[in-house]
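Student: I'm new to this one and would like a close look at a single part of it. Could you take me through the largest pocket and then show me how it sits in the rest of the chain?

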Amino acid sequence: MATEDDDRPRKKISHEVGQDLSLLSVEELTERVTLLNSEIARLEEAATKKRASRDAANSFFKS
């Protein structure tokens with residue numbers, strides 16, 4: 001049987017750099033670490049793609 005809490009939409013996890021962490025539980029901190037690690041991977045992937053695009057353009061125009 002579902003409880004009332006199961007029917008409520010979950011609040012999207014967000015994190016603001018520099019915010020006070022003292023009120024967060026260990027579980028919330030762990031969720032934020034996971035979120036931030038995923039975001040770092042996404043940013044690194046975007047940077048890699050942009051570098052590859054830039055390098056291809058530089059190579060084309062140097063020829």
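Tutor: Here is a walk through the pocket, followed by the chain around it and a few residues worth finding on screen. Keep in mind that this is a predicted model.

Let's start with the pocket itself. The largest pocket holds about 230 Å³ of space. Its lining is made up of Arg 10, Lys 11, Lys 12, Ile 13, Ser 14, Leu 24, Glu 28, Glu 31 and Arg 32. Sort that lining by class and you get six charged residues, two nonpolar and one polar.

Now zoom out to the whole chain. The protein chain has two helices and zero strands. One of the helices is α2, which takes in residues 26-62. As for overall shape, the C-alpha trace spans about 65 × 30 × 15 Å along its principal axes. The radius of gyration is 20 Å, whereas a compact globule of 63 residues would come out near 11 Å.

What about the surface? Buried residues account for just 3% of the 63 in the protein chain. The accessible surface adds up to about 6200 Å², and carbon and sulfur atoms supply 57% of that.

Next, follow helix α2 and pick out two alanines. Ala 52 lies in this helix. It counts as partly exposed because its relative accessibility is 47%, which falls between the 20% and 50% cut-offs. To link Ala 52 back to the pocket, use Ile 13, one of the lining residues. Ala 52 and Ile 13 are 39 residues apart in sequence, and their C-alpha atoms are 32 Å apart in space.

Ala 57 is found in helix α2 too. With a relative accessible area of 32%, Ala 57 is partly exposed as well, since that value also sits between 20% and 50%. Try setting Ala 57 against Glu 45: they are twelve residues apart in sequence and 19 Å apart in space, C-alpha to C-alpha.

Finally, have a look at the aromatic rings. The count comes to one aromatic pair. Phe 60 and Phe 61 form that pair, with 5.1 Å from centre to centre and 80° between the planes. The pair is called edge-to-face because its 80° angle is over the 60 degree cut-off. Both partners are out in the open: Phe 60 is exposed, and Phe 61 is exposed too.

Key:
Residues numbered from 1 in each chain as written. Predicted model: local features only at pLDDT ≥ 70, side-chain atom pairs only at ≥ 80, totals over all residues. Heavy atoms only, no water. Phe/Tyr/Trp six-rings, centres within 6.5 Å; stacked < 30°, edge-to-face > 60°. Buried < 20%, exposed > 50% of the residue type's maximum accessible area, 1.4 Å probe, protein only. 1 Å grid on protein atoms, 1.4 Å probe; cavity = no way out; pocket = protein on both sides within 12 Å on 5 of 7 lines; lining within 4 Å. Points joined across faces, edges and corners; volume = space filled by probe spheres on them. Nonpolar A, V, L, I, M, F, W, Y, C, P; charged D, E, K, R; others polar. Helix = DSSP H or I, 4+ residues; strand = E, 2+ residues; numbered from the N terminus. Rg over C-alpha atoms; globule rule 2.2 N^0.38 Å. Areas by Shrake-Rupley, 256 points an atom, 1.4 Å probe, with all protein chains shown as cover.
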